[in-house]
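I opened a new page for this protein and put the sequence and the structure side by side. My notes follow in the order in which I looked things up.

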Amino acid sequence: MKGGAAVQQNTVIDKISILQNKIFAYSNLAEREGKVIFPNIFTRQQDIIQNLVFLQRMGVNDDIFVLGLFLVDRLTTNNNFYLNKRNIYNLLMTAIILCLKMYDDNQNVQHIYSIIFETNRGMLNKMEKKFLKLIKYQLFVKTEDFFNYRARLLKLKE
């Protein structure tokens, strides 16, 4: 069964990679609209996938990645702005950190967030606070919503 979980996790990461490619392809729209709210730490596409794979190897379940995407979707929908190559990394990683804190309690990961995301703890705290405020502190995701969102993600095609 463990092998099946690894295959499933790679599938989720592959789908996130596809989604990320689409976001990068359409990022010019957001840049023209000036809808960037987080500081630009990384703009390279591979940084996101490398960090997700690293977290996966540390035992983070793929459901955390799906929940993170769900929260980013909630944030962008509720606040009417676009994802782009400058904000996707910070938004997704901030959402994943919040999901790890709320749902996973993985002690191996919690003490090294700032190392994984190559930023200082103060910056991470600011991003978490801003993210929470923008989603109105609504971290809870209904089970049905989660499984519907996950199914849609897994159906994503190039």
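**Entry 1: helix H9**

How many residues does helix H9 have, and how far does H9 reach from its first C-alpha to its last? I noted first that I am working with a predicted model. I found that H9 runs over residues 143–154 and has twelve residues. From first C-alpha to last, H9 reaches 16 Å, close to the 16 Å expected at 1.5 Å a residue.

Next I looked up which residues of H9 are buried, and I listed Phe 146, Tyr 149, Arg 150 and Leu 153. These residues cover an arc of only 100° around the axis, which puts them on the same side of H9. On the other side of H9, I found Glu 144 and Arg 152 exposed.

**Entry 2: the whole protein**

I then stepped back to the overall make-up. I counted nine helices and zero strands in the protein. Along the sequence, I wrote the pattern down as α-α-α-α-α-α-α-α-α. The protein has 158 residues, and 44% of them count as buried.

I also looked up how far apart in sequence the contacting residues are. Taking the contacts with a separation of 6 or more, I found that 85% are between residues 24 or more positions apart.

**Entry 3: H4 against H9**

At what angle do the axes of H4 and H9 cross? I read roughly 95°, with the axes coming within 10 Å. Angles of 65 to 115 degrees count as roughly perpendicular, so I entered H4 as roughly perpendicular to H9.

I listed the residues that meet here. From H4 they are Asp 62, Asp 63, Val 66, Leu 67, Leu 69, Phe 70 and Asp 73. From H9 they are Asp 145, Phe 146, Tyr 149, Arg 150, Arg 152 and Leu 153. By class, I put down seven nonpolar, no polar and six charged residues for the contact of H4 with H9.

I checked this list against my first entry. Phe 146, Tyr 149, Arg 150 and Leu 153 are the buried residues of H9, and these four are among the residues of H9 that meet H4. Arg 152 is in the contact as well, although I had noted Arg 152 as exposed.

While in H4, which covers residues 62–79, I also looked at Thr 76. Is Thr 76 buried or exposed? Thr 76 has a relative accessible area of 12%, and under 20% counts as buried, so I marked Thr 76 as buried. Leaving aside neighbours within four places in sequence, I found Thr 76 in contact with Phe 81 and Leu 83.

**Entry 4: H5 and H8**

Helix H5 covers residues 88–104. At 1.5 Å a residue, the 17 residues of H5 should span 24 Å, and I found the end C-alpha atoms 22 Å apart, which agrees. I noted that 13 of the 17 residues of H5 are buried, so H5 is largely enclosed by the rest of the structure.

Leu 100 is in helix H5. I entered Leu 100 as buried, with a relative accessible area of 1%. I also looked up the distance from Leu 100 to Asn 61: 9.4 Å, C-alpha to C-alpha, with their positions 39 residues apart in sequence.

Then I turned to the pairing with H8. The axes of H5 and H8 come within 10 Å and cross at roughly 85°. That makes H5 roughly perpendicular to H8. On the H5 side, I listed Asn 90, Leu 91, Thr 94, Ala 95, Ile 97, Leu 98 and Lys 101. On the H8 side, I listed Leu 124, Met 127, Glu 128, Phe 131 and Leu 132. By class, the contact of H5 with H8 has eight nonpolar, two polar and two charged residues.

**Entry 5: the loop between H8 and H9**

Most residues other than glycine have a negative phi. With that in mind, I looked at the loop between helix H8 (121–134) and H9, where I found Lys 136. Lys 136 has a positive phi of about 55° although it is not a glycine. Tyr 137 lies in the loop between H8 and H9 too, and I read a positive phi of about 60° for Tyr 137.

Are these residues buried or exposed? Lys 136 is exposed, with a relative accessible area of 58%. Tyr 137 is exposed, with a relative accessible area of 57%.

Technical notes
Residues numbered from 1 in each chain as written. Predicted model: local features only at pLDDT ≥ 70, side-chain atom pairs only at ≥ 80, totals over all residues. Heavy atoms only, no water. Helix = DSSP H or I, 4+ residues; strand = E, 2+ residues; numbered from the N terminus. Expected span 1.5 Å × (residues − 1). Buried < 20%, exposed > 50% of the residue type's maximum accessible area, 1.4 Å probe, protein only. Arc of directions from axis to C-beta. Contact = heavy atoms within 4.5 Å. Axes fitted to C-alpha atoms, helices over the stretch in contact; angles between N-to-C directions. Parallel < 35°, antiparallel > 145°, perpendicular 65-115°, else oblique. Nonpolar A, V, L, I, M, F, W, Y, C, P; charged D, E, K, R; others polar.
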